[in-house]
Amino acid sequence: MRRPDARIHGGIPARGALALAVLGVCVAACSDAPRSLRGAWQNARHRQHPGRLPVHPDTMPDANPERLPGEVDDDPLPGRAGGADTPHTVVLVVLDTVRADHTSACGYDRPTTPTLTALAAEDGATLRCGAVAPATWTLPTHATLFTGVMPEEHGLLRKGQRLDPRHTTLAEQFGARGYATALFSANPVLNEATGLQRGMDHAESPPRLVSPLRGPALAEHVGTWLDTVPERDVFLTVNVFDAHDPYPPIAAGHPFLPEQPVVTLPTQQRQSTHPFWVFLRGELPASRQEAWLATLTNGYDHGVERADRRLSELLEALAMRGRDAHLRLAVTSDHGEHLGEHGLLRHDGPPWETVARVPLVTWQTGEAVAPLPGPEAAPVSLVALTPWLLDGVWPSPMPTPRSMSIRYAGRVPELPFETAVGLWEGSQDKLLWRESAGAQRFDLGSDPGERRPAQPRVDEAARLASAAARVQRARDAAMDEDADPTLSRLLSELGYVDGAEE
Ligand SMILES: [Zn+2]
């Protein structure tokens with residue numbers, strides 16, 4: 001994969017580099033950031049680092065007419081300058097629904113992620129564009145990130161379940177070490193009812209698809225909390241939800257996207273004649289498909305761009321408080337997004353590359369960096385991230401990347417829910433088992449779109465069968481559990497499930 005141009009930040013010492021990375025990106029890309037912060041960035045840019053910062057040709061107007069309904073700004077809060085002896089800070093940022101190949105950090109031809117690109121170019125940072133999400137939707141992937149075990153083991157696979165108490169969370173482990181812990185999630189799936197907030201001293205997860213946390217308020221809320229624990233070591237988890245549907249409207253004059261209204265995908269209207277359903281049924285005429293999918297992709301790309309702005313604002317909130325002096329930071333995603341490939345939309349469903357491959361940037365300052373082992377293009381499982389966040393070390397050997405999905409009881413035929421398992425072996429070989437198609441093998445080097453399946457070898461088929469059996473057992477166990485009605489309703493509203501179980 002392409003490495004971002006390291007010359008952009010060449011020679012900047014690790015300490016304090018985060019502030020400079022943020023400054024450079026936000027001058028161009030954070031036009032909807034609070035005015036006071038933006039002014040500070042611009043002043044600092046001219047004073048400290050003229051002419052060497054990445055420039056993103058973003059000319060979005062300050063009035064920000066592209067807001068989603070319910071999205072508002074809070075008043076920005078003043079930060080405090082970081083001191084030399086700041087405490088340790090561990091941060092996990094999940095850019096929800098961001099697929100690797102739609103980030104400019106990973107070579108996408110639209111400049112969607114200038115912040116991620118700049119961050120990846122910092123000394124001590126590692127970029128992986130082939131990170132593999134352990135599942136293809138929010139709940140199981142976050143449960144894996146929080147516990148360090150794969151979905152088949154933690155079993156949090158469907159609506160209404162609660163994380164088994166036998167699994168210790170990262171927040172509980174950091175809490176036992178004296179860290180202050182917090183979760184800020186604009187994705188309402190990370191609700192208290194899931195058990196994923198266990199160990200968090202502070203948690204914010206509004207029960208709505210569109211909330212103020214889906215915007216600049218996210219970083220402001222994080223900053224407010226950081227100001228309550230200025231002397232403490234901190235473990236912080238932030239879910240950035242801006243790339244998730246509904247895809248935001250694009251204002252006139254956007255530098256690389258056409259003006260268009262919000263794109264809402266009506267997942268609850270099964271019999272709808274909306275193109276979302278017509279496409280999933282395979283009935284959208286070819287003459288309409290191209291334009292509709294282009295609109296979908298434009299809206300999604302704008303969501304990714306906005307998620308990157310949220311990242312920039314978060315980095316600034318950390319830097320303003322000196323939290324970049326001793327920082328261990330991971331930025332990744334929980335799954336990608338189908339944009340029509342394989343006849344699919346949104347996420348969930350079989351772990352095709354579009355929905356399983358996510359970006360990963362790790363960065364550590366103030367102490368020795370443990371480099372992510374393996375070649376840059378190699379797939380890497382996100383389950384490896386948990387011990388790194390905890391102790392700064394990667395597992396040895398690194399786990400074989402795999403991903404999965406399950407078929408829900410009472411499924412809607414048009415929704416892409418089916419039990420499936422993907423295994424990545426080496427940098428090019430992918431094995432995929434699906435209920436509907438059985439075992440298949442793909443050469444991602446010659447067939448990155450996964451259009452030409454081959455027959456797996458006997459040993460490959462055996463490994464797939466073993467992995468599929470584990471997922472099926474976990475699925476059956478999950479189906480036997482009683483669902484929490486509150487969480488079930490919430491997840492149904494998000495379109496993850498069909499509601500037929502209720
Ligand atoms: Zn998600």
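The following legends describe close-up views of a sheet and its surroundings in a predicted model.

**View 1. Strand order in the open sheet.** The open sheet is built from 8 strands with mixed pairing, in the order β4-β3-β5-β1-β6-β9-β2-β10. The edge positions are taken by β4 (202–204) and β10 (380–381). Each of these two has a single partner strand, so one side of each is left without a neighbour in the sheet.

**View 2. Burial of strand β1.** Strand β1 spans residues 89–95, and 7 of its 7 residues are buried. In a regular strand, side chains alternate between the two faces of the sheet. On one side of β1 lie Thr89, Val91, Val93 and Leu95, and on the other Val90, Leu92 and Val94. Every one of these residues is buried, and both faces of the strand are thus covered.

**View 3. The parallel neighbours of β1.** Strand β5 (residues 234–240) runs parallel to β1 and is joined to it by 7 bridges. Within this pairing, valine 94 has asparagine 239 of β5 as its bridge partner. Strand β6 (residues 327–332) is likewise parallel to β1, with 6 bridges between them. Here valine 90 is opposite arginine 328 of β6.

**View 4. The antiparallel pairing of β6 with β9.** Strand β9 covers residues 357–364 and is connected to β6 by 4 bridges, the two strands running antiparallel. Leucine 329 stands opposite tryptophan 363 of β9.

**View 5. Helix α7 across the sheet strands.** Helix α7 (residues 217–226) lies across β3 (180–185), β4 and β5. The helix runs at about 165° to β5.

Definitions and conventions. Residues numbered from 1 in each chain as written. Predicted model: local features only at pLDDT ≥ 70, side-chain atom pairs only at ≥ 80, totals over all residues. Buried ≥ 20, exposed ≤ 12 C-beta atoms within 10 Å, placed from the backbone. Pairing = 2+ DSSP bridges. Contact = placed C-beta atoms within 7 Å. Axes fitted to C-alpha atoms, helices over the stretch in contact; angles between N-to-C directions.
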